[in-house]
Amino acid sequence: MATSPGASAQDLPELSVVIASHNARTSVAACLGALQKQRNGCRAEIIVVDNSADGTAAIVAAQFPDVTLMRVSPEQWIPELWEAGIRASRGSIVALTTAHCVPDVDWMTEILAAHRESDFVGVGGAIENAASAGIVDWAVYLCRYARYMKPFPSYVIRDIPADNASYKRWALDRCTDVRARGFWEPDIHAKLAAEGYQLFMTPRIGVRHMRSFTFMTFMRQRFWHGRQFGSSRAIRLPTAVRLAHIVAAPLVPFLMLSRIARHVFCRRRHIVQMLLAAPIMVLFLASWATGQVMGYLAPTGHQA
């Protein structure tokens, strides 16, 4: 975090909202519009880190001049966009989302209240799906967010979704070593847990996910995220355990699908959408498992 030598606490924002933006021209205006309405009475800065090729940045620049817009390489992944925004931010609380998510009307207020009222270093919230979602959109949503859809009670958790998460800055500053390759939340959360800190989930902080991927782009995204996950774990696992994970990899898509189904059935929502999207989800999950195997085989393999 860079601040001027004479900057006081009152000069700094209390909340920094960092938005990773990739090809979000259909949703970025709704996302930023929802946030702009919440800035009254709140010292908040909004930082959009964009690597789009569809004109998203032009929309941000033209319609939201008060938003800080950062342009980065189109080769970078969402976690790397978050990390760039975090490094440029100044608030004592840092909230993360993407330009494909539209925050609830009280999103900023609820985030600040959650951090004032607790010692949790990170707070995550609910992620709902757009009413206009098609079958591929449902497959993407359920693969990523089934665990975080309403209803659920507030509870302590080991891993919150960075698409709707906020952190105390001092906690993020303790993770600079694992943030070197980007804000890959499983690595950050594992570091915080190892140091004895806790994360929290609450349905009071909500966003609605709009369409973010086509079938092929999500297949590619799942592969590289799986590879990063496998690479990160492989560094810490003995060779025998790593080989066991590789042998069991063909079962991973079906295990993950069963977990998704359990979340859906427990909530008694979107069951029909899940059944229709299941064949597509299997392909997405298989791509993730394939990437994970590649990560186990090449622990340093990570595409920047």
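Begin with the largest pocket of this predicted model by selecting Asp159, Pro186, Phe229, Met256 and Trp288, which are the residues nearest its centre among the 44 that line it. With those five on display, the space around them belongs to a pocket whose volume comes to about 1,400 Å³.

Next, colour the helical elements that each contribute two or more residues to this lining, namely α3 (78-88), α5 (135-145), α7 (185-194), α8 (215-236), α9 (239-247), α10 (252-267) and α11 (271-297). Of these, α8 deserves its own colour, since with seven residues it gives the most to the lining of the largest pocket. If you then colour the lining by residue class, you should find 26 nonpolar residues, seven polar ones and 11 charged ones.

From here, move to the second largest pocket by selecting His22, Asn23, Ser212, Phe213 and Thr217, which lie nearest its centre and are part of a lining of 24 residues. The space in this second largest pocket amounts to about 590 Å³.

Keep α5 and α8 coloured, as these are the elements that supply two or more residues to the lining of the second largest pocket. The largest share again comes from α8, which here provides three residues. Applying the class colours to this lining shows six nonpolar, 13 polar and five charged residues.

To finish, show both linings together and follow α8, which gives seven residues to the largest pocket and three residues to the second largest.

Methods. Residues are numbered from 1 along each chain as its sequence is written. This is a predicted model: local features need pLDDT of at least 70, side-chain atom pairs count only at pLDDT 80 or more; totals for chains, interfaces and linings use all residues. Side-chain values use heavy atoms; hydrogens and water are left out. On a 1 Å grid over the protein atoms alone, a cavity is a set of points where a 1.4 Å probe fits but cannot get out, and a pocket is an open set with protein on both sides within 12 Å along at least five of seven lines; lining residues have an atom within 4 Å of a point. Grid points are joined across faces, edges and corners, and a volume is the space filled by probe spheres set on the points. Helices (H or I, at least four residues) and strands (E, at least two) are DSSP runs, numbered from the N terminus. Ala, Val, Leu, Ile, Met, Phe, Trp, Tyr, Cys and Pro count as nonpolar, Asp, Glu, Lys and Arg as charged, and the others, Gly among them, as polar.
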